[in-house]
Amino acid sequence: MASHSDTLVVFFGATAGENGGKLGSDEREIILLVWQIVDLHEKKVGKLHKCFVKPDTLELTDQCKEETGLTVDDIVKAEPLDKVLQQFQQSVSSEVKCLGRTTYTLCVDSPLVIRQALHPEASKKNLVLPEIFFSFVDVRKEFHKCCPNAGLAQKLTLTSMLEYVGLPAVSEESIGVREVRSMVQLTLCILAEPHNHKFSCVETVNYKFDSGTCSKTEPVDSEAVIRARGLPWQSSDQDIARFFKGLNIAKGGVALCLNAQGRRNGEALVRFINSEHRDLALERHKHHMGSRYIEVYKATGEEFLKIAGGTSNEVAQFLSKENQLIIRMRGLPFTATPQDVLAFLGPESPVTDGTEGLLFVKYPDGRPTGDAFVLFSCEEYAQNALKKHKQILGKRYIELFRSTAAEVQQVLNRYMSTPLISTLPPSPIMPVPVLTTPPFLPAASSTRDCVRLRGLPYTAGIEDILEFMGEHTVDIKPHGVHMVLNQQGRPSGDAFIQMKSPDKAFMVAQKCHKKTMKDRYVEVFQCSTEEMSIVLMGGTLNRSGLSPPPCKLPCLSPPTAYAAFPTPPAILSEAALYQPPLLAAPRPPQTTAHSPAHTLAYYPPQPHLYMNMNMNYTAYYPSPPVSPSTVGYFAASPAVAVAAQPHHAAAAASPVLPQHGALVRMQGLPYNTGVKDILSFFQGYQLQPDAVLILYNFSGQCSGEALITFPSEEIARQAVAERSNHPFYGQQVHLAFCN
């Protein structure tokens, strides 16, 4: 502590890029260190030291050259940072010992040199900093405490502080020397009469990140939370803490975000100890973690609690053990027992407290989800467990990866809040003929002019699907949207859409595949009306091909006894046709300004009813088909004019590729490639996500190819020339300009 220290080490640093108030914001390396010792008891000053530092990249920005007056020649023969820090430690220790003192504390004019420059650079270079760099005093805050009428500490400068106490500005022209001598003068001034100031506002830098739990009732300051985006999926909370090295994260303040499938989505919420550290974290926007740049934005305490907060006593008890490493296991057989898991991990990776160190994730009704969390007491045991990644337990391979306390809370919250699907009582048998095909389905055809949407949120409606389709909505056939419901009349997560041509269906499948809707990615496949009809009748469409619907199988045909019921002469009403338990709630008739032709959402009533007659199989039902014009989707959309055009005009207004520019084709991509990966590969070309089109095969997997739209042919050719020899995440890809 400075209040108990004998000496102050007045310290200054400069980087090869931004300095002053933006120091460290551009990830540039340190090129200059200057320091001088002040004896707090004798009010004596030691020798001034100035050391140049050789960066790994010998390049100075023009702004740096102008502000510092340095050139590459000044630093080319200097020692690297680790050697200079050793010289610093030896010099300070020797000089303090000569003064007969034993303790010392750093004194800086801003925390930036410590928090934003020195610690991040040392972390990237795997350097171990001396202990002196983990605590310091800020001369501005000390001066504000001594002279509160001088103004806010954040707005004070060395010049204004010297002027306030009546001292002349230091005339030294050399950067670093000028700042250090100014701080020394201020220090001696406030130590002397009449101020007699004691340096006591010591700031610290955390040695490591402490994991922990967070309750949903715990107050969280919204001014201390950020959202980090673009993280590698395998990143742990310790990796994120290392990215923010130098800034103090609150205990348990890293919450990794998961997608709807329970997998990490490349985002995390980070809670700092105060708003000052949060503001410094925002300055690290687009800094790099490995080869990826990380986006940093403001977030709220409510968002953090939604991810990291928990109320489960079982989770709290599981996480109550301190200093434990957490490993997540995914893909466990539903019949797996704690003994099976312990045997799988083996004696080389013993679990903390045996079965007490296992936490199985379950649904509210007690059914297992296939996930579990495991505690280990040391890094060695955790590493041994991770070597079991994708090994077989029973008949399934098991995924293992590092986890966090916040992820445990989030996974438990997600599964425990999953509503159970209630089973409706069976519908009474109605004495009406059963049609083999619903009357509103199109005639079966092998033409692939339809698309299937799979994985829709269960709360998704027609408007959500049309918004998801975006510009392709104008290419949907009238009454071409078919929501698929399950036997209980609830959304099944599937929908079929009839497009105006196979080409339009192909473009939708390519452009919309794996786009997100309400935090879930949706799979989009091209299919035919024949395939659509089979699925709507209860069959299945998967990678193995088509399975016929149960009603097409001889053993499940409706009993002939039902034919004995006479057909009622009266035509059923529309309300009788579309019963709420079976179909989505019908919409009232709407009149829209742009499409007066279609005012009803559904087809006219039909004289027959489509039912599954309580057969012993699971069948699916299409909801009444709709059109974009029947739901008022374009009421406030800029695409109103396009939607209102005739068919041929609408087709002309919807080009195959919406962007104008030059195309580059990428081949040889890994099959798990995403849009963010390609944008990161072409970093510096200012591409937007919609400029990337990843091509998928029929099974929905990446084909290994992508099309990228650049603003101009010149930029496209430049990108091909510059990036052709760069590996794409360790894999060589082929780039070609498309004429």
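**Exercise 1. The loop after α7**

Find where Pro 194 sits, and say what is unusual about the backbone there.

*Solution.* Start with the location: Pro 194 belongs to the loop that runs between α7 (177–191) and β7 (202–204). Keep in mind that you are looking at a predicted model. Next, check the peptide bond from Glu 193 to Pro 194: this bond is cis, with omega near 5 degrees. Then move along to Asn 196, which is found in the loop between α7 and β7 as well. Asn 196 is not a glycine, yet its phi is positive, near 50 degrees. Why do these two spots catch the eye? Most residues other than glycine have a negative phi, and most peptide bonds are trans.

**Exercise 2. Two positive phi values and their exposure**

Decide whether Asn 196 is buried, partly exposed or exposed, and do the same for Lys 514.

*Solution.* You need the cut-offs here: buried is under 20% relative accessible area and exposed is over 50%, with partly exposed in between. Asn 196 has 39% relative accessibility, so Asn 196 is partly exposed. For Lys 514, the value is 37%, so Lys 514 is also partly exposed. To place Lys 514, look in the loop between α16 (502–512) and β23 (515–517). The phi of Lys 514 is positive, about 65 degrees, although this residue is not a glycine.

**Exercise 3. The partners of β19**

Work out how strand β19 (residues 396–402) pairs with β15 and with β18.

*Solution.* Take β15 (residues 325–330) to begin with: β15 and β19 run antiparallel and are joined by four bridges. Arg 328 has Phe 401 in β19 as its bridge partner. Now turn to β18 (residues 391–393), which pairs with β19 in the antiparallel sense over three bridges. Here Gln 391 is matched with Ile 398 of β19. Finally, inspect the turn: the hairpin of β18 and β19 has two residues between the strands, and Gly 394 in this hairpin takes a positive phi near 70 degrees.

**Exercise 4. The second largest pocket**

Describe the volume and the lining of the second largest pocket.

*Solution.* The second largest pocket holds about 920 Å³ of space. Its lining has 39 residues, and those closest to the centre are Gly 20, Gly 21, Asp 109, Ser 110 and Arg 140. Elements that contribute two or more residues include β1 (7–15), α4 (112–124) and α7. Sort the lining by type and you get 17 nonpolar, 11 polar and 11 charged residues. As a last step, check the domains: domain 1 (7–204) and domain 2 (214–310) each supply at least three residues of the lining.

Methods. Residues are numbered from 1 along each chain as its sequence is written. This is a predicted model: local features need pLDDT of at least 70, side-chain atom pairs count only at pLDDT 80 or more; totals for chains, interfaces and linings use all residues. Side-chain values use heavy atoms; hydrogens and water are left out. Buried means under 20% relative accessible area, exposed over 50%, partly exposed in between (1.4 Å probe, protein chains only). Two strands pair if DSSP finds at least two bridges between them. On a 1 Å grid over the protein atoms alone, a cavity is a set of points where a 1.4 Å probe fits but cannot get out, and a pocket is an open set with protein on both sides within 12 Å along at least five of seven lines; lining residues have an atom within 4 Å of a point. Grid points are joined across faces, edges and corners, and a volume is the space filled by probe spheres set on the points. Ala, Val, Leu, Ile, Met, Phe, Trp, Tyr, Cys and Pro count as nonpolar, Asp, Glu, Lys and Arg as charged, and the others, Gly among them, as polar. Domain bounds come from an automatic or database domain assignment.
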